[in-house]
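Here's a walk through one protein model, written for someone who'd rather look at residues than read about software. Keep the structure open beside the text and click along as you go.

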Amino acid sequence: METKLGANTYDAGYKGEYGRFREQKTDDFENHELFADAAVFLDVRNRLNLRLQYLERVDPRGTLNLTATPTPNEWHQPSIQALYVYGAEGAQGRIEVQGGHLEKRYVNNRFATAALDRNDTDYGATFLWRAMPKTYLSVAFKQSVHDYVQPGSALNSTDTFGFIGVRWDATALTSGRLALGRQTKRFDSATNPDFSALAWEGGINWKPLTYSTVDYSTKRSTSESTGLGSTILTQTHQLAWNHAWSGRISSNLATALLDDQFQNAPIASAGNARSEEHTSELQSRLHLVCRLLLEKK
């Protein structure tokens, strides 16, 4: 649902995913997502975007590196994100300030999942400088603080990112962004060694037709441990094609490639730790979604 009041836009929505198994009924699951967004145009130089989200989801059995559980691991996660932009469109310089907070809690199989409950707080700023009429150079600094609920957790940490990048809108057909930098993860406990690696984020939007777009996005950064090792270095590549076949029917075709490298993960045969990756997991998915737009022409 979406509504507009003057220059401001507000929307809210729900997304549900329901899985049912013919044989192993204990693996049935339901995923729910509720969200509300506000894009507020304060004046020509000041804009504010807000997002509230609530997730109820499950991690299927075997996807966490924990003690085996009899049923999927259920969790809920409320979160808030904000982005403030100072600077008019096309101005020589622009500043973006962002921040957010989430609380992730597992609700069942607590003997295995209690150690993964955590609060995340992130904040950062990006400075943009117009180098050419439709090209901006960017410098960004971001931090994410991961605070685990379990007392004395060795996974409490702070991620620090520094990026240099470029954003462009070269033609009516192509736009994109790319930021390259470094991430450093520092743990509060000496149990886990600090970690530093190359990081990037970016994407390209190609619009060969007014009713057809191709989007490519890529990112390299760490994600939180699922029970094996201190952190996971994740590299993703996503490609999506959106096409409007008519005023009421459109389709989305997407594929994604993910590479997870487990850091400081124990080697089962030796019982010690490896400083680099424990394993690499490659996953690809292909889905086709057709939507019927119910609004009248």
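What follows is a short tour of strands, aromatic rings, a pocket and two loop residues.

One thing before you start: this is a predicted model.

**Strands side by side**

Let's begin with β7, β8 and β9. Strand β7 covers residues 118-132 and strand β8 covers residues 135-148, and the two pair in the antiparallel sense over 14 bridges. Getting from β7 to β8 takes a hairpin of two residues. If you want a spot to zoom in on, find L128, whose bridge partner in β8 is S138.

β8 also pairs with strand β9, residues 157-168, again antiparallel, over twelve bridges. Here V139 is the residue to click on, as it stands opposite I164 in β9.

**Rings next to rings**

How many aromatic pairs does the model have? The count comes to three. Two of them are worth a look here. F161 and F163 have ring centres 6.0 Å apart, and their planes meet at 10°, so this pair counts as stacked. A stacked pair needs planes under 30 degrees apart. The rings of W241 and W245 are another matter: their centres are 6.2 Å apart and their planes sit at 75°, so that pair is edge-to-face. For that label, the planes have to be over 60 degrees apart.

Are these four residues buried or exposed? The table sets out each one.

| Residue | Relative accessible area | Class |
|---|---|---|
| F161 | 11% | buried |
| F163 | 6% | buried |
| W241 | 31% | partly exposed |
| W245 | 54% | exposed |

So F161 and F163 both land under the 20% cut-off for buried, while W245 is over the 50% needed to be called exposed.

**Charges over rings**

Rings also turn up with a charged side chain over the face. R94 lies over the face of Y136, at 4.8 Å from the ring centre. K104 does likewise with W75, at 4.2 Å from the ring centre.

**A pocket**

Now for some empty space. The second largest pocket has a volume of about 190 Å³. Its lining has 14 residues, and the closest to the pocket centre are E30, E56, R57, V58 and E74. Which strands contribute to this lining? β3 (29-43), β4 (46-59) and β5 (73-86) each supply at least two of its residues. As for chemistry, the lining is a mix: five residues are nonpolar, four are polar and five are charged.

**Two loop residues**

Last stop, the loops. N109 sits in the loop between β6 (93-106) and α1 (110-113). Its backbone is worth checking: N109 has a positive phi of about 50°, although it isn't a glycine. As background, most residues other than glycine have a negative phi. N109 is also buried, with 11% relative accessibility.

D28 belongs to the loop between β2 (8-19) and β3. With a relative accessible area of 23%, D28 counts as partly exposed. Where does P60 come in? D28 and P60 are 32 residues apart in sequence, and their C-alpha atoms are 9.2 Å apart in space.

Note on methods
Residues numbered from 1 in each chain as written. Predicted model: local features only at pLDDT ≥ 70, side-chain atom pairs only at ≥ 80, totals over all residues. Heavy atoms only, no water. 1 Å grid on protein atoms, 1.4 Å probe; cavity = no way out; pocket = protein on both sides within 12 Å on 5 of 7 lines; lining within 4 Å. Points joined across faces, edges and corners; volume = space filled by probe spheres on them. Helix = DSSP H or I, 4+ residues; strand = E, 2+ residues; numbered from the N terminus. Nonpolar A, V, L, I, M, F, W, Y, C, P; charged D, E, K, R; others polar. Phe/Tyr/Trp six-rings, centres within 6.5 Å; stacked < 30°, edge-to-face > 60°. Buried < 20%, exposed > 50% of the residue type's maximum accessible area, 1.4 Å probe, protein only. Lys NZ or Arg CZ within 6 Å of the ring centre and 35° of its normal. Pairing = 2+ DSSP bridges.
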